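Student: I would like to learn how to read the features of a structure that is new to me. Could we go through them one at a time?

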Amino acid sequence: MAKDLDTTDLAPVRQPLETANGLPNAHYIDDAVFQEEKHAILFDSWTGLAVASDVPEARDAKPIEFLGVPLLLIRSREGEVRVFQNICRHRGMILVDAPRKIEGAIRCPYHSWCYSTAGKLVSTPHVGGPGHNTHEAIKKDDLGLTEIASYIWRDIVFVNISGTAEPFEVVNADLMDRWKEFDQPHHHGGEDSRFDLDVQTNWKLAVENYSESYHLPWVHPGLNSYSRLEDHYHIDEKGKFSGQGTLVYRQLTDDAGQTLPDFTELSEFWNEGAEYITVFPNVLMGAQRDHAFAIILEPKSTQQTIEHVHLYYASATIDQGLRIKNATLWKEVFEEDIFVVEGMQKGRHAPHFNGGRFSPAMDGPTHCFHDWVATKIETHRAAE
Ligand code: FES
Ligand SMILES: [Fe+2]
């Protein structure tokens, strides 16, 4: 189903909500468009890659292949988390093939060039011939690991693979300001507070579904029983972010009536309020008085996405029973969404579908995301 990219018409997507269509089918099922979006959206933006908690201690390293790009997430000896291309500057061998602690230096398994945990090239055995570990043409200072621009916000490691984006704090200034009350330690709940969902859908459908509350009565009857459709409001900041909020957040309690500890000094809104916002392009975040979550969407193909879910708390010492109960509840909710995102993916193979029509009253956040995607693609096409 290869399609000439020039025929992917995004003008209907850019129309006002009342008259707009959704993104055309090719953006969900066409490999060439997936490649175009990879560059225009996922490489050119600040895209969620991993969590800093994946490398909790100094010298922890984790290789991550993201959209085919070999990356290395590493916490240096000094404690700083950074991302590098996971390849040797000599002839491009993969350096680290499994998560591990770096003892000494990162040694390339091919000819043993060695790099520090801060990415500096430190030794080049026999590079000048047997017994000669230097050569005037090989300047170590110029041959450190290639760093990928990264920014950590609330433990999420965002990367800008192309290196062309404005600084993260500029791009996401409004969202960071909106949630600045939560600029306080977020403690990852550990192994029982992370899980993956392998979903047969295009990554954008997961964003579209997450951003709107319209589906709650039918897809999440449990949630809807106490936080109704009319308790929700839309968040659609054109060109920036989208999502939804509720005015009726109910805290988790265990059988003994125990609740999770709150983040400190929150304003009154958060007593009952909660917000669910997508950091464009691929990180679904939730903010609540007593815990937070993030879902990093890893696009695998036009129709496969891994959802990496992480739960965070205000304290490092949360009762394990509460943590497990909370993770179980959220897993149920996120699993409830799977049949719709997989169903819409199948629907995108219908040849006589024009991207659909939005409810002017209910689909503002989803349209906001489509408009952002279309803008990024148009900008990329204009630069070609
Ligand atoms: S490729 Fe790494 S040392 Fe040769
Ligand atoms: Fe949902």
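**Aromatic rings, sheet and metal site**

Tutor: The count comes to 19 aromatic pairs, where rings of Phe, Tyr and Trp (its six-membered ring) pair if their centres lie within 6.5 Å, with planes under 30 degrees apart called stacked, over 60 edge-to-face and the rest tilted. In one of these pairs, the rings of Trp46 and Phe168 have centres 6.0 Å apart and planes at 85°, so the pair is edge-to-face. The pair links distant parts of the chain, 122 residues apart, since Trp46 lies in the loop between helix 2 (31-43) and strand 1 (47-51) and Phe168 in helix 3 (residues 168-171); helices (H or I, at least four residues) and strands (E, at least two) are DSSP runs, numbered from the N terminus. Before going on, please keep in mind that this is a predicted model, in which local features need pLDDT of at least 70 and side-chain atom pairs count only at pLDDT 80 or more, while totals for chains, interfaces and linings use all residues. Residues are numbered from 1 along each chain as its sequence is written, chains are lettered from A and ligands numbered from 1 in the order in which they are written, and side-chain values use heavy atoms, with hydrogens and water left out.

Student: Is Phe168 buried or exposed?

Tutor: Buried means under 20% relative accessible area, exposed over 50% and partly exposed in between (1.4 Å probe, protein chains only). With a relative accessible area of 1%, Phe168 is therefore buried, and Trp46 counts as buried too, at 8%.

Student: How are the rings of Phe158 and Phe168 arranged?

Tutor: In general, a pair of aromatic rings is described by the distance of the centres and the angle of the planes. The centres of Phe158 and Phe168 are 4.7 Å apart and their planes stand at 45°, so this pair is tilted. Because Phe158 lies in strand 10 (residues 156-160) and Phe168 in helix 3, the pair ties together parts that are 10 residues apart in sequence. Ring pairs link both residues into a cluster with Trp46, Tyr151, Trp153 and Trp179.

Student: Which residue lies over the face of Trp153?

Tutor: A charge sits over a ring if NZ of Lys or CZ of Arg is within 6 Å of the ring centre and within 35 degrees of the ring normal. Arg154 takes this place over Trp153, at 5.7 Å from the ring centre, and Lys204 lies over the face of Tyr28, at 4.5 Å.

Student: What is the order of the strands in the open sheet?

Tutor: Two strands pair if DSSP finds at least two bridges between them. Here an open sheet of 7 strands has the order 1-10-9-4-3-2-5, with antiparallel pairing, and its edge strands, each pairing on one side only, are strand 1 and strand 5 (100-101). Strand 2 (residues 60-66) is joined to strand 3 (residues 69-75) by 6 bridges, and the two form a hairpin with 2 residues between them, where Leu67 in the turn has a positive phi of about 55°. Strand 3 also pairs with strand 4 (residues 81-85), in the antiparallel sense over 5 bridges, and 6 of the 7 residues of strand 3 are buried.

Student: Which residues coordinate the iron ion (ligand 2)?

Tutor: Donors are N, O and S atoms within 2.8 Å of the metal (3.2 Å for Na, K and Ca), and water is not among the atoms, so sites may look incomplete. The iron ion (ligand 2) is coordinated by His215 (NE2), His220 (NE2) and Asp337 (OD), the last listed twice, at 2.1 to 2.6 Å. His220 and Asp337 are 117 residues apart, and both are buried.
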